[in-house]
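User: I'd like to learn how to read a structure like this one, feature by feature. Can you walk me through it?

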Amino acid sequence: SGVQTLEVAKFVAKNGFGIAFNFDRNSPKFIEPSKANQIKQNISKETYTCGIFKDPTDKEITKCLNEIDIDQIQLNGNENKDRVQFIKLWFSKYPLKAQLNPGQNFPTIYKRERKYEREIIKSVTISCKKDIEKISNYKDVGVGFLLDTSEAENIDWNIFNFNDPPGIISGKFSKENIKSAVRSKKYFIDISKGLENEVNELSIEKISSLFEFMRSDELETARF
């Protein structure tokens, strides 16, 4: 995932889908938080926004959240249970008055304490049914999951047809395989992968084509 331009963000938001910004500096889809905030300010306030991080430090998350208020934090690295738990505890409602130093004001983009918790999502790489057991490593933390199938050459979507925690399925989706992915009954699907142009940016033409296909078949909500 990783929206990098206002053009793509407006197109996706106009069609009622959420967007994700990639704040992993080693990713080709990285975007500066300040630029992501400029994009966010120019799309509908109803658009759900996610920030993607990979093994971030507290300082990195704080700096990012001081520049853009996002609805969801997604962790794509090797964060263990304790780390995920701490991030949920400290950053899900950042900034709170208790987190400020004496005399310190809220960051400029915030007028008051955040009212609602941000959702915390842990990404788990899935290539076969056994990999789903990795979810148990984060039992009782109270976070959602993104099941990343992008490293699998072929994925049997039927492995998701059981009562594992609902979350997001991510992978290289196409018109040929998206139906079976949606029928796995996850709440969201992340469908930005495989929709890039020759310079690895999200292609509006490819997104538009998939939108039309999804609407023709009344498929579920997705995120880019």
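Analyst: Sure. Keep in mind that this is a predicted model. Let's start with a cysteine: Cys128 is partly exposed, as its relative accessible area is 35%, and partly exposed means between 20% and 50%.

User: And is Cys64 buried or exposed?

Analyst: Cys64 counts as buried, because its relative accessibility is 2% and the cut-off for buried is under 20%.

User: How many disulfides are there?

Analyst: The general idea first: a disulfide is a covalent bond between the sulfur atoms of two cysteines. In this model the count comes to zero disulfides.

User: Okay, on to the core. Which residues have the most contacts inside the largest nonpolar core?

Analyst: As a rule, nonpolar side chains in soluble globular proteins tend to be buried together. Here the largest nonpolar core has 49 residues, and Phe21, Phe23, Phe53, Leu65 and Ile73 have the most contacts inside it.

User: What is Phe53 in contact with, leaving aside its neighbours within four places in sequence?

Analyst: Its partners include Phe23, Ile61, Cys64, Ile70 and Ile73. Polar and charged names turn up too, among them Gln74, Asn76 and Glu79. Notice Cys64 on that list of contacts; that's the buried cysteine from before.

User: Now salt bridges. How many does the structure hold?

Analyst: In general, side chains of opposite charge can pair when their charged atoms come close. This structure holds nine salt bridges. In one of them, the side chains of Arg25 and Glu32 meet, at 3.3 Å from N to O. Arg25 is exposed, with a relative accessible area of 54%, while Glu32 is partly exposed at 33%. Another joins Arg114 to Asp69, with the closest N and O atoms 2.6 Å apart.

User: Which residues lie nearest the centre of the largest pocket?

Analyst: Those are Lys40, Lys45, Asp69, Ile109 and Arg114, out of 21 lining residues. So you meet the salt-bridged Arg114 and Asp69 again. The pocket has a volume of about 810 Å³, and by class its lining has six nonpolar, five polar and 10 charged residues.

User: What about closed spaces: how many cavities of 30 Å³ or more are there?

Analyst: The count comes to one. The largest cavity has a volume of about 50 Å³. Its lining is Gly2, Val3, Gln4, Thr5, Val8, Glu201 and Leu202, which by class gives three nonpolar, three polar and one charged.

Conventions:
Residues are numbered from 1 along each chain as its sequence is written. This is a predicted model: local features need pLDDT of at least 70, side-chain atom pairs count only at pLDDT 80 or more; totals for chains, interfaces and linings use all residues. Side-chain values use heavy atoms; hydrogens and water are left out. A nonpolar core is a set of buried Ala, Val, Leu, Ile, Met, Phe, Trp, Tyr and Cys residues joined through side-chain atoms within 4.5 Å. Buried means under 20% relative accessible area, exposed over 50%, partly exposed in between (1.4 Å probe, protein chains only). Contact means heavy atoms within 4.5 Å. On a 1 Å grid over the protein atoms alone, a cavity is a set of points where a 1.4 Å probe fits but cannot get out, and a pocket is an open set with protein on both sides within 12 Å along at least five of seven lines; lining residues have an atom within 4 Å of a point. Grid points are joined across faces, edges and corners, and a volume is the space filled by probe spheres set on the points. A disulfide is a pair of cysteine sulfur atoms within 2.5 Å. A salt bridge is a side-chain nitrogen of Lys or Arg within 4 Å of a carboxyl oxygen of Asp or Glu.
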